[in-house]
Amino acid sequence: MKNILCLLVVLFSLNSCKTNDITDEIVEASCGQCQFSMLGKGCDLAIRMNDDTYYVEGTNIDDHGDAHASDGFCEAIKKAKISGSIVDGKFLATSFKVVD
């Protein structure tokens, strides 16, 4: 009986584990401070997905052009196709591509 109970606990535990992996999702991307009103000390790339915002690690705001240009991330919210995972409240990008 103990073995069955232990097995059930393990199965329920494994079933309740959530994955935060994201694959080829289209999200809004911009400067977290300038466009998404996030706390920070400078202009940093962020995404907004399902009304939640996350700073991005694995790519930099300036990797995608001049952030302060008229069409840059500090001036506009763009669409991006992303893959990666959310860990500790940050998006860890394995792929990040701005799309039209």
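This is a short talk on the fold, the salt bridges, some loop residues and one charged surface patch of the chain shown above.

Let me say at the outset that what we are looking at is a predicted model, and that every value I quote was computed from it.

I will begin with the overall layout. The secondary structure of the chain comes to one helix and five strands, and if you follow the elements from the N terminus on, they run α-β-β-β-β-β. The chain has 100 residues, of which 30% count as buried.

Next, the salt bridges, of which the count comes to two. As a general point, side chains of opposite charge can pair when their charged atoms come close. In one of the two pairs, R48 forms a salt bridge with E28, and the closest N and O atoms are 2.6 Å apart. This pair links distant parts of the chain, since R48 belongs to strand β2 and E28 to strand β1, with their positions 20 residues apart in the numbering. How accessible are the two partners, R48 and E28? R48 counts as partly exposed at 26% relative accessibility, and E28, at 25%, also counts as partly exposed.

While we are at E28, there is one further relation to point out, which concerns the backbone rather than the charged group: the C-alpha atoms of E28 and D51 are separated by 9.9 Å, and these residues are 23 residues apart along the chain.

The other salt bridge is made by the side chains of E57 and K90, at 3.3 Å from N to O. Here too the pair links distant parts of the chain, with E57 in strand β3 and K90 in strand β5, 33 residues apart. E57 counts as partly exposed at 36% relative accessibility, and K90 counts as partly exposed at 37%.

Strand β5 is also the place of L92, a residue that counts as partly exposed, with 31% relative accessibility. The C-alpha atoms of L92 and Y55 are separated by 8.6 Å, although their positions lie 37 residues apart along the chain.

Let me turn now to the loops, starting with the one between β1 and β2, where we find Q33. Is Q33 buried or exposed? Q33 is buried, because its relative accessible area is 17% and the cut-off for buried is under 20%. Its side chain reaches the backbone nitrogen of D44 at 3.0 Å.

S37 is also placed in the loop between β1, residues 21–31, and β2, residues 45–49. What deserves a second look at S37 is its phi, which is near 55°, a positive value in a residue other than glycine. For context, most residues other than glycine have a negative phi. S37 is exposed, with a relative accessible area of 65%.

A positive phi is found at D88 as well, where the value is near 50° and the residue is again not a glycine. D88 sits in the loop between β4 and β5, the latter strand spanning residues 90–99, and D88 is exposed, with a relative accessible area of 77%.

The loop between β3 and β4 is the last region I would like to discuss, and I will start there with T59. T59 is buried, with a relative accessible area of 16%. Which side chains does T59 contact, and at what distances? One polar contact, of 3.3 Å, joins the side chains of T59 and D63, and another, of 2.8 Å, joins the side chains of T59 and H64.

D63 then brings us to the surface, where D62, D63, D66 and D71 form a negative patch. For one member of this group, D71, the place is in the loop between β3, residues 52–57, and β4, residues 78–87. D63 thus appears twice in this account, as a partner of T59 in a polar contact and as a member of the negative patch.

To close, I would keep three things in view when you go back to the model: the two salt bridges, one joining R48 and E28 and the other joining E57 and K90; the positive phi values at S37 and D88; and the negative surface patch that includes D63, whose side chain is in polar contact with that of T59.

Terms used. Residues are numbered from 1 along each chain as its sequence is written. This is a predicted model: local features need pLDDT of at least 70, side-chain atom pairs count only at pLDDT 80 or more; totals for chains, interfaces and linings use all residues. Side-chain values use heavy atoms; hydrogens and water are left out. Patches are made of residues with over 30% relative accessible area and no salt bridge: like charges are joined within 9 Å, nonpolar side chains (Val, Leu, Ile, Met, Phe, Trp, Tyr) within 5 Å. Accessible areas come from the Shrake-Rupley method with a 1.4 Å probe; for residues, only the protein chains shown count as cover. A salt bridge is a side-chain nitrogen of Lys or Arg within 4 Å of a carboxyl oxygen of Asp or Glu. Lys and Arg count as positive and Asp and Glu as negative; His and the chain ends are not counted. The place of a charge is taken as NZ of Lys, CZ of Arg, CG of Asp or CD of Glu. Helices (H or I, at least four residues) and strands (E, at least two) are DSSP runs, numbered from the N terminus. Buried means under 20% relative accessible area, exposed over 50%, partly exposed in between (1.4 Å probe, protein chains only). A polar contact is a pair of N or O atoms within 3.5 Å; within protein, one must be able to donate a hydrogen and the other to accept it, and residues adjacent in sequence count only if both atoms are side-chain atoms.
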